[in-house]
Amino acid sequence: MTDHPRIPDKPALEGLESVWGDAWEREGVFRFDRSAASRDTIYSIDTPPPTASGSLHIGHVFSFTHIDLVARYQRMRGRHVFYPMGWDDNGLPTERRVQNYYGVRCDPSLPYDPDFVPPFEGGDNKSTKAADQQPISRRNFIELCERLTVEDEQQFEALFRQLGLSVDWKQSYRTIADEALFTSQLAFVRNVERGEAYQALAPTLWDVTFRTAVAQAELEDREQAGHYHRVTFHRPDGGTIEIETSRPELIPACVALVAHPDDERYQQLFGTTVTTPVFGVEVPVVAHHLAQKDKGTGIAMICTFGDVTDVVWWRELDLPNRAIIGFDGRVIAEAPDAITSEAGRAAYAELAGKTTFSAKQAVVEQLRASGDLLGEPKAITHPVKFYEKGDRPLEIVSTRQWYIVNGARDEGLQRTLLERGREIDWHPDFMRVRYENWVSGLSGDWLISRQRFFGVPIPVWYPLDAAGDPVFDEPIVATRDLLPVDPSSAPAPGYDESQRGEPGGFVGEHDIMDTWATSSLTPQLAAGWERDPELFDLVFPYSLRPQAQDIIRTWLFSTVLRAQLEHGAGPWTNAAISGFIVDPDRKKMSKSKGNVVTPAGLLEQHGSDAVRYWAASSRLGTDAAFDPQNPTQVKIGRRLAIKVLNAAKFILGFDGRADAPVSVPIDRSMLAELADVVASATRAFDAYDHARALEVAETFFWTFCDDYLELVKERAYGAPSPEQASAVAALKTALSVLLRLFAPVIPFATEEAWRWSNDGSVHASPWPETDELAARGEAGVELLELASLALTGIRRAKTDAKASQKTPVTSAVIAAPAAAIALLEAVASDLRAVGRIASLSFVEADEFEVRDIVFEAPEA
C-alpha cells in the first residue's frame, strides 16, 4: 500500500543508534561550520568536560541529555551550534585511578625508567594502600595517567555517541593536552602580571592522605563522633578558667583564649594572661565577635590551627603561629619555642610522631594526671571538615602556596562578581541565590596550587641564593614564548640545566595547578583563546553554561571569575542547572554511597531514546528519582518511541500528498490544535523548559493517535476524493510536525521515521512554525476535542454492552448541548465510519452522552 520502499515491515528501535550515529557523522549533520556563521547566528555551549577516570554514571546521561536537547532545538531553529566536548583528565581523581589500576604510586625522587611495565592492570583494588603500590618516577607515573585517560575517554565518547549527543566531535579538547597547558599557563602568567595571582606562606587546609592543599570550594562537612573535654587553664592569681574542646591534642599549639566582647563573665579577663595546662605556656585572653557565648563555657582556646575560625582569629588578632601538626598528619618532632619548661618539653616529647588520634589519647591522660581534666569526656557528634574526595579529617598547616584573588578580600571585585551573576539568565532562576551566597561567603582567596603530579605545572622558577636556598619573593615567571613549560624539567630563563639546584642557580616549581584552575577556562580552551582569535570572537561570550548544581561554587563561580579577570565580561548569557539523580529512597547517587547506576546496560536494554525520554521528563534544577529495578519513565519513553515508528508507518501508507488542500473541518481542527502545541512547545524550549515542551507534544500525540487517527482512517483509506485527500494531507502534515517536535528528545526514532519520506536529516530540518499550520487550521480546536469526546462515548457504550468495537450498530444517539451538536454534525460521517454506525442522530441535552445504541442483528 505504501510508495515508500524504505519503510520496514516491522519497525523497531534496535540498532538505530549505530545506523543513524554513523550517518550523522558521515553526513556532518552536527558539524560546526564557522564559514557560514556570524556572531548573530551562533549558539555556543560551554559543555562540561567530564572527569576521565573510571566510568560514566547515570547522572552524566541525565545532565548531558539536558544539554543535547538545547543543542538540537537551537540547531533546528537555524542557529549555528558550537557544541564541543572536553575531557577533564588531570588532577587527583585520575591519579587515584592510576594508582589503583596499575598498582603504582609516584615518587619524584626516582629516575625515569623507559622500560617500565606496571605490576598489573585492571583496577581490581589490589593496590588501594600505598604499601601495596610500587613506587615509580614522576615521568613514568604521568605516562600511565595519560595512557589510562585516553582509554577512558574513548569509552566515554562511545557511550555519548550511543546516547545520541549531537556534539561536533572535531571540536574537542583535553585538559592535559599542550593547548590546554598553554591556555592555563598563559592565563596564570597574566594573572601574575596584573597582580591577581600571588604566593604566600599562610595557614592551609591540608589533606594528610593525599599530602596536598585543599581549596575552600572542595570542602564538605561530615558528621563525626567525638568528645568534649572540660579543661582548666591557670590564672596568675591561682584561679582557673574552664574551657571545652574537642581537640585537646592541640593544647601545645594554643596561642590565646577568646571570648565574645559582650560576655560579662570574661570582660574583666581581657588583656590578662593564663597558663596552658601540662605545657605551661603563658597565653593572652582576647575578645572577638566570632566567639560564641552559648557554646561550651563561652570561652575557647585559639590554636594554630584547629579549624578555619582559628585562622580568622589568628589573622585578625595578630597572634603567633605555633603549629605542631606536620604534612603527614602527625605531631612534629620539634616542640614550639614557647614551651620552655622541662616538664612541658617532656610532655611534648611524648606526643612527637604520633597521629592526631594517638596524640589526643596521650594528652587526655596527661590532663587527667595533672588534675586539669574535669570529669570524663562527653560524647558528641559534630561537623568536621573533609576534602570532598578524602577519607580523613583535614588539618590546617602553614605552607607556601599560590593564590588567585576572588573577591574575598576585595569588596570591589566581590560586587563586580555579584553583578556578573545578575547579568546571567539562570534556569531555574532560584539557582542564582546559591552563586550569590557563595560569593558573599568567601573567606579567603582561591588557593590554586596542589602538591600533586598529574596536572598543569605552575610556570615558575625560583633563584637560589649563595647558600642554595630559594628566594621565594623573587619568582621567575615564564614568558609567553616559553609556554607550555614544565619547570621541573626545563631550565629557568637565563639559566641552563646544569645550574638546577646549585647555589646561585635556580629551582623549578614542583606544584601543579588545581584542576579547577584549568576547568575554569573551558570557554577559552574550547574556543582557542589566543590560538584561534577568529573562533574565539565568534563564540565568546557563550550562549549557555549547562552544569550540575553541586559545582556552582567551583566550576561556575571560577569560570565567571577568570572571565572577569581576563576579559572584564561574563562568560555566558545563560546558565542551565540540572538537578541530582536520587535513588528510590531519595538519596543522592554517589560512588561513596554505592548506589550509582552505570548507564551502558540501561541503554542496551531499553534503547537510547527511552533513556533520553526519562531525562527529558525532568525539569532543570529538579532532582529525579531513578529505580534501576523498575525504570518506569524509561519504559514509557520506549513505548512512545515505538508508537512514533508505528504511527509514521501507518500514516505514510496512505495514498496522497501532504500539500493537498485540507478542507474537512475535523482535519482543520486537528491542525489548529497542533498549531497551539507548536506555540507552547516553542515557548517552553525558549524558556529552557524542555520537560514542558515534551509534555505538551506527547499529550497531543496520544490524542492524535488514539482519537483523530482512528476517527479519520476510514476516510483516508477511501477512494480518491477531496475528503480523502484532506485526511491524508492533515495526517502527513501532522506527522512531519510531530517528528520535528520530538526530534530533540528521541532523535533515533524520529530520524528513522523522517527518512522514510525525506532525503535529509530531521535534525537539519527547520523547527515547526505555527504559520505552516495556521492557514490550514481555521476551524478551531473545539471540534477535535468534541470529536474525541464523542468517540470515547461510542467506545464506552460498546464496552458497557460487552460488544466488540468492530460490532456494527444499526443506530445510536449522541446527546449534547446545542453548541456542541452544531460542531459535531461536521464530523458525523467520520463518527459513523469509525463506530460502524448506520444511523447516527443528535439530540439536545445538558450532559454529553451516547445512548439508545442498537446493535445490528446477527444474520440467521
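Good morning. About 30 Å³ of space lies in the second largest cavity of this structure, and I shall begin there. Please keep in mind that the model before you is a predicted one.

Which residues line this second largest cavity? They are L13, L16, E17, G607, S608, D609 and F748. Two elements each contribute two or more residues to that lining, namely α1, which spans 16-27, and α16, which spans 608-616. By character, the lining of the second largest cavity comprises 3 nonpolar, 2 polar and 2 charged residues.

I turn now to the cavities as a set. How many cavities of 30 Å³ or more does the structure hold? There are 2. The largest of them has a volume of about 100 Å³.

The lining of this largest cavity is made up of 14 residues. Those nearest the centre of the cavity are H66, I67, V70, A576 and L620. As for secondary structure, the elements that supply two or more lining residues are the following: α2 (58-76), β24 (542-548) and β25 (572-578). The element that gives the most is α2, with 4 residues. Sorted by character, the lining of the largest cavity holds 8 nonpolar residues, 5 polar residues and 1 charged residue.

Why does the largest cavity lie between domain 1 and domain 4? The reason is that both domains give residues to its lining. Domain 1 is assembled from the segments 20-90, 153-182 and 517-624, whereas domain 4 covers 631-780.

For the remainder of my time, I would like to move to a group of strands, with β9 as our guide. Strand β9 runs over residues 219-234 and pairs with strand β15, residues 373-387. In which sense do β9 and β15 pair, and over how many bridges? The pairing is antiparallel and extends over 12 bridges. To follow one of these contacts on the screen, please look at V231, whose bridge partner in β15 is L373.

Strand β9 also pairs with strand β10, residues 240-245, again in the antiparallel sense, over 6 bridges. Here, R230 has E244 of β10 as its bridge partner. Together, β9 and β10 form a hairpin, and 5 residues stand between the two strands. Within the turn, G238 has a positive phi of about 95°.

As a general remark for those viewing the strands, side chains in a regular strand alternate between the two faces of the sheet.

To close, I return to the largest cavity, which lies between domain 1 and domain 4 because both contribute to its lining. Thank you for your attention.

Definitions and conventions. Residues numbered from 1 in each chain as written. Predicted model: local features only at pLDDT ≥ 70, side-chain atom pairs only at ≥ 80, totals over all residues. Heavy atoms only, no water. 1 Å grid on protein atoms, 1.4 Å probe; cavity = no way out; pocket = protein on both sides within 12 Å on 5 of 7 lines; lining within 4 Å. Points joined across faces, edges and corners; volume = space filled by probe spheres on them. Nonpolar A, V, L, I, M, F, W, Y, C, P; charged D, E, K, R; others polar. Domains from an automatic or database assignment. Pairing = 2+ DSSP bridges.
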